[in-house]
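Trainee: Could you take a close look at one part of this structure with me? I would like to follow a helix pair and then see how charged and nonpolar side chains are placed elsewhere.

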Protein chains: 2
Amino acid sequence: MRETPHTAVRYSLRSDRRSQNPADMGTIRREGSSMENPQRLYVQTHPEKLNAQWIVGFVDGEGCFYVGINPHPEMTCQFQVLPEFTVVQHRRDVQLLHALKKFFGCGVVRSNHGDRMAYRVRGLNHLSERIVPFFEQHPLKSKKRVDFARFRKILRLISQGKHLNLQGIEEIRAIASTMNTGSVR
Amino acid sequence: MRETPHTAVRYSLRSDRRSQNPADMGTIRREGSSMENPQRLYVQTHPEKLNAQWIVGFVDGEGCFYVGINPHPEMTCQFQVLPEFTVVQHRRDVQLLHALKKFFGCGVVRSNHGDRMAYRVRGLNHLSERIVPFFEQHPLKSKKRVDFARFRKILRLISQGKHLNLQGIEEIRAIASTMNTGSVR
């Protein structure tokens, strides 16, 4: 069996790319080094190009379709509905989150908890026009596809303005309460 | 946007398939029902066909390459080296583990902890001839590829018989101790 050429090459390429940054001149940077500037961990100049089926597999494992319903006194119906698609990873793999962001052409990569980072899409247009069509064309294989179907239904209710009155909020809440429960209901 | 045809169709197909089982005649089965026979949860007659890139994405999220080194007084060198490739899932998605088993043509699907199931490959031949070549041809995109490279190196040491003496065991232990640590070392 041969040695892992892709791993070795990828690591040396990353080192080379970093050392070409004028700000790094004369310094040696290594992942995990205490000398590392934490700000730079989140910089990703050339995100990897992703394959659609890889994304489906990764999201089957790590993705989450979530709808938050938060009290919001300034809104007519007192509540704000916040749908979001999230993928969380340890920061060592933040480049995958940047690659997702580039693939979908929307969303943000931010700190989550501790060593974890999150790719997050919240905008209604981005969710409806980019995230949902992708997973319609490339169906999830895990039971997460049930959460996705409910998520899509809530997006449709929002686009119909149902989130602007209490009756609609209750309808949305009823659907959202069955999502991400770890069981199939 | 359209309704989720794939989800709806898949669920009705599953119900139909189950109701055609003579043992189920006259009964109604639903996932999550308290009437459900827990034994049947693990039965998978037609595992879904998987795409290689989907598997890579899923394993980037959920897979683990692990090498156990356990005391074993009956062996000449007192230790047993146990490499394994594992993918753990909630039992609601056990069909994906069966699909992995079918794809690789080896391994077992067993209970793990609580509601979780595991697809596990332990045999040296199966690991070396089926699992390793697959991930050589379809590289992981996460830092898990570093664990994979170390795993493969240990398999090579075992095939050279290094696990049969204490010096080799120490060499293997040194590599294994750097795996699955959540950091890149």
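Mentor: Happy to; what follows starts with a helix pair in chain A and then moves on to salt bridges, the nonpolar core and a loop. Please keep in mind that this is a predicted model.

Let us begin at A:Leu157, which sits in helix α5 of chain A, covering residues 144-159. A:Leu157 is buried, because its relative accessible area of 7% is under the 20% cut-off. Apart from neighbours within four places in sequence, A:Leu157 touches A:Lys162, A:His163, A:Glu171, A:Ile172 and A:Ile175. For a sense of scale, the C-alpha atom of A:Leu157 is 38 Å from that of A:Arg92, a residue 65 positions away along the chain.

Some of those contacts belong to the partner helix. On the α5(A) side, A:Arg150, A:Lys153, A:Ile154, A:Leu157 and A:Ile158 meet A:Glu171, A:Ile172, A:Ile175 and A:Ala176 of α6(A). Sorted by class, this contact has 6 nonpolar and 3 charged residues, with no polar ones. Two packed helices are described by the angle between their axes and the distance between the axes. Here the axes of α5(A) and α6(A), the latter spanning residues 166-176, come within 10 Å and cross at roughly 170 degrees. The two helices are therefore roughly antiparallel to each other, since angles over 145 degrees fall in that class.

Now for the charges. Over all chains, the structure holds 10 salt bridges. One of them joins B:Glu84 and B:Arg120, with the closest N and O atoms 3.4 Å apart. This pair links distant parts of the chain: B:Glu84 is in strand β2 (residues 79-90) of chain B and B:Arg120 in strand β4 (residues 116-121), 36 residues apart. Both ends count as buried, B:Glu84 with a relative accessible area of 10% and B:Arg120 at 16%.

Another salt bridge brings together the side chains of B:Glu136 and B:Arg152, at 2.3 Å from N to O. B:Glu136 belongs to helix α4 (residues 124-137) of chain B and B:Arg152 to helix α5 (residues 144-159) of chain B, so the pair ties together parts 16 residues apart in sequence. Again both partners are buried, with a relative accessibility of 16% for B:Glu136 and 2% for B:Arg152.

Compare that with B:Glu170 and B:Arg173, whose salt bridge has its closest N and O atoms 3.3 Å apart. These two are 3 residues apart in helix α6 (residues 166-176) of chain B, so about one helical turn separates them. B:Glu170 is partly exposed, with a relative accessible area of 41%, and B:Arg173 is also partly exposed, at 28%. Back in chain A, salt bridges with shared partners join A:Glu84, A:Arg120 and A:Arg122 into one network.

Next, the nonpolar side. In soluble globular proteins, nonpolar side chains tend to be buried together. The largest nonpolar core in this model has 84 residues, and those with the most contacts inside it are A:Phe85, A:Tyr119, A:Phe135, B:Phe85, B:Tyr119 and B:Phe135. Setting aside neighbours within four places in sequence, A:Phe135 is in contact with A:Ile55, A:Val59, A:Phe65, A:Phe85, A:Phe104, A:Leu140 and A:Phe148.

Finally, a loop residue for contrast. B:Gly114 lies in the loop between β3 (108-111) and β4 of chain B and counts as exposed, at 76% relative accessibility. Its C-alpha atom is 8.9 Å from that of B:His90, 24 residues apart along the chain.

Technical notes:
Residues numbered from 1 in each chain as written. Chains lettered and ligands numbered in written order. Predicted model: local features only at pLDDT ≥ 70, side-chain atom pairs only at ≥ 80, totals over all residues. Heavy atoms only, no water. Helix = DSSP H or I, 4+ residues; strand = E, 2+ residues; numbered from the N terminus. Buried < 20%, exposed > 50% of the residue type's maximum accessible area, 1.4 Å probe, protein only. Contact = heavy atoms within 4.5 Å. Salt bridge = Lys/Arg side-chain N within 4 Å of Asp/Glu carboxyl O. Core = buried A, V, L, I, M, F, W, Y, C linked by side-chain atoms within 4.5 Å. Axes fitted to C-alpha atoms, helices over the stretch in contact; angles between N-to-C directions. Parallel < 35°, antiparallel > 145°, perpendicular 65-115°, else oblique. Nonpolar A, V, L, I, M, F, W, Y, C, P; charged D, E, K, R; others polar.
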